[in-house]
Amino acid sequence: MGQVNTKERLLSSALDLIYARSYGNVGVQDLCEHAGVKKGSFYHFFPSKRDLTLAALDRQWEIAKQRVWDPAFANHLPFHKKLQRCFDLFYEHQCGVKKRTGLVQGCPFGNLALELSTQDEPIRRKVDHIFRECTTYVERMLHEAIAVGEIPKQDISATAKAVIAYMEGVMLMAKTRNEPNVIKDLRQGLLRFLQAESAVTGRLRAGNGAKKGV
């Protein structure tokens with residue numbers, strides 16, 4: 001077994017096992033057995049389970065960008081279609097996971113945030129960085145939507161953070177109920193919220209403009 005293949009097997013095992021079981025319920029021996037490698041090989045590449053997990057998070061984020069975030073937030077789509085596409089891709093993924101395992105496993109990043117944010121600072125920082133990158137996708141979408149008049153001007157940073165928080169909450173509820181359809185059902189809630197916020201912002205701007213003209 002080549003060194004590159006050994007490292008890839010370990011990364012793949014971390015992605016599979018930690019996502020399915022949790023960080024605390026997976027040990028180095030479990031990872032080695034799943035990957036078909038010896039502990040000596042593990043420690044050749046990764047000083048600790050934490051180091052493997054950090055590398056696996058980087059790999060998971062690259063996969064997520066390729067499979068969800070980049071296709072969902074393609075420039076040719078209007079903002080509401082981008083959000084719909086993002087939720088549809090979340091839904092399709094969780095349907096696939098449930099078909100294979102019988103369980104909706106939720107967001108791999110959110111899972112680790114809930115489990116480790118108060119226990120492991122390096123992993124907390126890594127997950128926070130990933131969430132910030134997710135937020136950047138939404139901020140870019142909002143900038144573009146405002147530029148073409150799809151939505152009124154607003155606090156883009158606050159709105160983007162709220163959207164990511166909503167997405168993570170949806171994934172948590174889908175996991176709790178073990179039901180992927182929660183993702184589809186609550187997708188419409190986010191779109192209605194954004195449309196309502198846009199309408200309120202538009203009325204406030206119009207009212208302020210009228211007052212200035214008095």
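Helices here are DSSP runs of H or I at least four residues in length, numbered from the N terminus. With that in mind, welcome to the tour; please remember that this is a predicted model.

**Stop 1: a lysine in α5**

Select helix α5, residues 79-101, and pick out Lys82 within that helix. Is Lys82 buried or exposed? Its relative accessibility is 2%, so Lys82 counts as buried.

Now show what surrounds this lysine. Beyond its neighbours within four places in sequence, Lys82 is in contact with Ala72, Phe73, Ala74, Asn75, Leu77, Met141 and Glu144. Two of these are worth a click. Glu144 meets Lys82 through a polar contact of 2.7 Å between the side chains. Ala72 is ten residues away from Lys82 in sequence, yet their C-alpha atoms are 5.2 Å apart.

**Stop 2: along α4**

Ala72 is a handy stepping stone, since helix α4 covers residues 49-72. Select the helix and draw a distance between its end C-alpha atoms: you should get 32 Å. What span should the 24 residues give at 1.5 Å a residue? The expected figure is 34 Å, which agrees with the distance in the model.

Next, look along the helix to Lys65, where α4 bends by about 50 degrees.

At residue 49, turn on the side chains of Lys49 and Tyr23. Lys49 lies over the face of Tyr23, 4.0 Å from the ring centre.

**Stop 3: the aromatic rings**

Show Phe, Tyr and Trp side chains next. How many aromatic pairs are there? The count comes to ten. One of them joins Trp61 and Trp69, a tilted pair with 6.3 Å from centre to centre and 55 degrees between the planes. Both of these tryptophans are buried.

Keep Trp69 selected and add Phe73. Their ring centres are 5.5 Å apart and their planes are at 10 degrees, so this pair is stacked; planes under 30 degrees apart count that way. Trp69 has 5% relative accessibility and therefore counts as buried. Phe73, which you met among the contacts of Lys82, is buried too, with a relative accessible area of 7%.

To see the wider group, select Trp61, Trp69, Phe73, Phe87, Phe90, Phe109 and Tyr137: ring pairs link these residues into a cluster.

**Last stop: a charge over a ring**

Stay with Tyr137, a member of that cluster, and add Arg140. Where does the charged end of Arg140 sit? You will find that end over the ring of Tyr137, 5.0 Å from its centre.

Technical notes: Residues numbered from 1 in each chain as written. Predicted model: local features only at pLDDT ≥ 70, side-chain atom pairs only at ≥ 80, totals over all residues. Heavy atoms only, no water. Helix = DSSP H or I, 4+ residues; strand = E, 2+ residues; numbered from the N terminus. Expected span 1.5 Å × (residues − 1). Bend = angle between axes of the 7 residues up to and from the residue. Phe/Tyr/Trp six-rings, centres within 6.5 Å; stacked < 30°, edge-to-face > 60°. Buried < 20%, exposed > 50% of the residue type's maximum accessible area, 1.4 Å probe, protein only. Lys NZ or Arg CZ within 6 Å of the ring centre and 35° of its normal. Contact = heavy atoms within 4.5 Å. Polar contact = N/O pair within 3.5 Å; in protein donor to acceptor, adjacent residues only side chain to side chain.
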